[in-house]
Amino acid sequence: LDLAGYLEAWASRMKIRRAWSALFQRHPLLLMPVSWRTPFAIDEDQRDSDTIHAIFEAQSPLLATAMLGTPGLAVPLPGQQPMGVQLMAEPFREDLCFAAAEAIERQAGPVQAVDPA
């Protein structure tokens, strides 16, 4: 990546961050999935490169917080399969994520360990 490409990518990231910032002005907390798919089968990531690419794309909601520099918190939900939701807030508002996670956990109940076998 040359300097021009880097600056173009940085400008694109800033444009996306501004759009998210406007969203957070209207909605201070976002609840979204941690993945676009249900849990993967054990060793599914060992199949082939197409499968790995699909898994990576399915996990893209987890990448939003890293790309945008916003706080994100995954909250596990009880059930037969490991599932959960992700909370996302504007920068420096981790308190909103923690408060919402606490409310979700209190309502949903305890999460039991899942036997991967």
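In the protein, 58% of the contacts with a separation of 6 or more are accounted for by residues 24 or more positions apart. The model described here is a predicted one. It contains four helices and three strands, which follow one another from the N terminus in the order α-β-α-α-β-β-α. The radius of gyration of the protein is 17 Å, well over the 13 Å that the globule rule gives for 117 residues, so the protein is more spread out than a compact globule. Along the principal axes, the C-alpha atoms fill a box of roughly 50 × 40 × 15 Å. Of the 117 residues, 22% count as buried. The accessible surface amounts to about 8,400 Å², and carbon and sulfur atoms contribute 60% of this surface.

The interior was examined next. The largest nonpolar core is made up of seven residues, namely Val75, Val85, Leu87, Ala89, Cys97, Ala100 and Ala101. At least two residues of this core come from strand 3, and at least two from helix 4 (94-108). Another core, of five residues, lies apart from the largest one and includes Phe24, Met32, Ala64 and Met88. Within the largest core, Leu87 can be followed through its contacts. When neighbours within four places in sequence are left aside, Leu87 is in contact with Leu29, Leu30 and Leu31, with Pro71, Gly72, Leu73 and Val75, and with Cys97, Ala100, Ala101 and Ile104.

Helix 3 (residues 60-68) has four buried residues to be considered here, Pro61, Ala64, Thr65 and Leu68. These residues cover an arc of only 90 degrees around the axis, which puts them on the same side of helix 3. The buried residues of helix 3 pack against several other elements: helix 1 (3-26), strand 1 (29-33), helix 2 (49-58), strand 2 (72-77) and strand 3 (83-89). One of the buried residues, Ala64, also belongs to the core of five residues. After helix 3 comes Gly69, with a positive phi near 75 degrees.

In helix 2, the buried residues are Thr51, Ile55 and Ala58. Their arc around the axis is only 65 degrees, which puts them on the same side of helix 2. The packing partner of these buried residues is helix 3. On the face turned away from the buried side, helix 2 carries the exposed residues Ser49, Asp50 and Phe56. The loop between strand 1 and helix 2 holds Asp45, a residue that counts as partly exposed at 40% relative accessibility. Residues up to four places away in sequence not being counted, Asp45 touches Ile52 and Ile55. Ile55 is among the buried residues of helix 2. Between Asp45 and Leu7, the separation is 38 residues in sequence and 34 Å in space, C-alpha to C-alpha.

Aromatic side chains were considered last. A pair of aromatic rings is described by the distance of the centres and the angle of the planes. The structure holds two such pairs. In the pair formed by Tyr6 and Trp10, the ring centres are 6.5 Å apart and the planes stand at 20 degrees, so the pair is stacked. Both residues lie in helix 1, at a spacing of four residues, about one turn of the helix. Tyr6 counts as partly exposed, at 45% relative accessibility, and Trp10 is likewise partly exposed, with a relative accessible area of 42%. For the rings of Trp20 and Phe24, the centres are 5.9 Å apart and the planes are at 40 degrees, so this pair is tilted. Trp20 and Phe24 are four residues apart in helix 1, a separation of about one helical turn. Trp20 is partly exposed, with a relative accessible area of 24%, whereas Phe24 counts as buried at 3% relative accessibility. Phe24 is also one of the residues of the core of five.

Methods
Residues are numbered from 1 along each chain as its sequence is written. This is a predicted model: local features need pLDDT of at least 70, side-chain atom pairs count only at pLDDT 80 or more; totals for chains, interfaces and linings use all residues. Side-chain values use heavy atoms; hydrogens and water are left out. Buried means under 20% relative accessible area, exposed over 50%, partly exposed in between (1.4 Å probe, protein chains only). The arc is that of the directions from the helix axis to the C-beta atoms. Contact means heavy atoms within 4.5 Å. A nonpolar core is a set of buried Ala, Val, Leu, Ile, Met, Phe, Trp, Tyr and Cys residues joined through side-chain atoms within 4.5 Å. The radius of gyration is taken over C-alpha atoms; the globule rule is 2.2 Å times the number of residues to the power 0.38. Accessible areas come from the Shrake-Rupley method with a 1.4 Å probe; for residues, only the protein chains shown count as cover. Rings of Phe, Tyr and Trp (its six-membered ring) pair if their centres lie within 6.5 Å; planes under 30 degrees apart count as stacked, over 60 as edge-to-face and the rest as tilted.
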